[in-house]
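Let us take a friendly walk through this protein, from its strands to its helices. Please have a look at the fold before reading on.

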Amino acid sequence: MTFQDIFKSDFIDNISAVNIMDIFLALILAFGLGLFIFFVYKKTFSGVMYSSGFGVTLIALTMITTIVILAVTSNVVLSLGMVGALSIVRFRTAIKEPLDIAFLFWAITTGIVLAAGMIVLAVAGNVFTGAVLLLFANRQTHKNPYIVVLSCIDSESERLSREFLEKQTAKCVVKSKTAQKGSIELNMEIRLKDDNTDFINRLAEMNGVNSAVLVSYNGDYLG
């Protein structure tokens with residue numbers, strides 16, 4: 001054993017194993033693509049309450065995944081230890097919107113592809129995925145279901161209101177009905193014939209109708 005072997009440091013060797021310029025380039029690209037993912041998330045969000053924290057998490061997740069994969073690809077032993085360490089991690093935060101899962105996997109995949117050096121694939125994949133989400137995620141048409149919440153005073157006004165809705169809409173189905181003394185409330189799922197919703201105004205003005213409310217329905221409002 002020589003004097004040099006005594007002071008040989010594996011830590012110093014690991015530092016030289018990763019190029020500093022590669023690290024900065026990967027992190028800058030990860031930040032840029034993470035920012036793009038955040039922009040697409042903000043434009044396509046259709047939930048009840050927008051969370052800016054989740055958008056920032058997408059940027060951070062892209063960069064953190066890039067760092068982890070860079071470390072794993074530079075050391076085989078470290079990669080095995082990283083797999084064991086991450087296998088015991090448990091996340092208890094509930095995902096409220098189904099589309100949020102796609103954004104999480106998108107951010108993680110972007111970090112992995114960038115760290116693997118496939119920059120063209122990462123950029124092209126992000127642009128194409130973002131364009132698809134912007135085109136289809138928030139696309140609203142008259143064929144989407146709506147819920148009409150109708151309040152009537154008696155059975156006769158209920159019958160006339162339902163007949164009016166059946167003529168004005170492509171589909172009208174009663175989802176629930178609540179009857180009280182002097183009041184009947186109906187929840188009906190409808191499909192519009194076109195984008196015109198003026199029939200709700202005429203419905204509210206009918207005799208025996210207390211109120212008529214039109215709600216865009218996506219499964220979160222009523223069971």
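Which residue in β4 stands opposite Val-149? In this predicted model, the residue opposite Val-149 is Val-213 in β4. That pair is a good place to start, and the strands around it come next.

**The sheet**

Four strands form an open sheet in the order β2-β3-β1-β4, with antiparallel pairing. At the edges are β2 (169-180) and β4, each of which pairs on one side only. On average, neighbouring strands of this sheet are turned by 20 degrees against each other, direction ignored. As general background, strands of a sheet pair through backbone hydrogen bonds, either parallel or antiparallel.

β1 pairs with β3 in the antiparallel sense over eight bridges, and seven bridges join β1 to β4, again in antiparallel fashion. β1 is also mostly covered, as seven of its eight residues are buried. Here are some residues with their partners across the strands:

| Residue | Partner | Strand of partner |
|---|---|---|
| Ser-151 | Glu-185 | β3 |
| Cys-152 | Ile-184 | β3 |
| Val-149 | Val-213 | β4 |

Helix α8 packs on the sheet, where it touches β1, β2, β3 and β4. The direction of α8 makes about 160 degrees with that of β2.

**A buried glutamate in α8**

Glu-158 lies in helix α8. Is this residue, Glu-158, buried or exposed? Its relative accessible area is 7%, so Glu-158 counts as buried, the cut-off being under 20%. Leaving aside residues up to four places away in sequence, Glu-158 touches Cys-152, Lys-177, Ile-184 and Leu-186. Two of these neighbours, Cys-152 and Ile-184, also stand opposite each other in the table above.

**The nonpolar cores**

The largest nonpolar core has 17 residues, and those with the most contacts inside it are Val-148, Leu-150, Leu-165, Met-188, Ile-190, Phe-199 and Leu-203. Two or more residues each come from β1 (145-152), α8 (155-168), β3 (183-192), α9 (199-204) and β4 (209-216). Which element gives the largest share of this core? That is β3, with five residues.

Leu-165 illustrates how such contacts are made: beyond residues up to four places away in sequence, Leu-165 touches Val-148, Cys-172, Met-188, Phe-199 and Leu-203. Apart from this core lies another, of 11 residues, with Ile-37, Tyr-41, Phe-45 and Leu-58 among them. More generally, nonpolar side chains in soluble globular proteins tend to be buried together.

**Two helices side by side**

Helix α3 (residues 20-44) and helix α7 (residues 119-136) pack at an angle of about 5 degrees, with their axes 10 Å apart. The two helices, α3 and α7, are therefore roughly parallel to each other. On the α3 side, the residues in contact include Leu-29, Leu-33, Phe-36 and Ile-37, while α7 brings residues including Ile-119, Ala-122, Val-123 and Asn-126. By class, the contact of α3 with α7 has 11 nonpolar, three polar and one charged residues.

**The protein as a whole**

Stepping back, the protein has nine helices and four strands. From the N terminus on, its elements run α-α-α-α-α-α-α-β-α-β-β-α-β. Of the 223 residues in the protein, 28% are buried. Among contacts between residues at least 6 apart in sequence, 71% join residues at least 24 apart.

Notes
Residues numbered from 1 in each chain as written. Predicted model: local features only at pLDDT ≥ 70, side-chain atom pairs only at ≥ 80, totals over all residues. Heavy atoms only, no water. Core = buried A, V, L, I, M, F, W, Y, C linked by side-chain atoms within 4.5 Å. Buried < 20%, exposed > 50% of the residue type's maximum accessible area, 1.4 Å probe, protein only. Contact = heavy atoms within 4.5 Å. Pairing = 2+ DSSP bridges. Axes fitted to C-alpha atoms, helices over the stretch in contact; angles between N-to-C directions. Parallel < 35°, antiparallel > 145°, perpendicular 65-115°, else oblique. Nonpolar A, V, L, I, M, F, W, Y, C, P; charged D, E, K, R; others polar.
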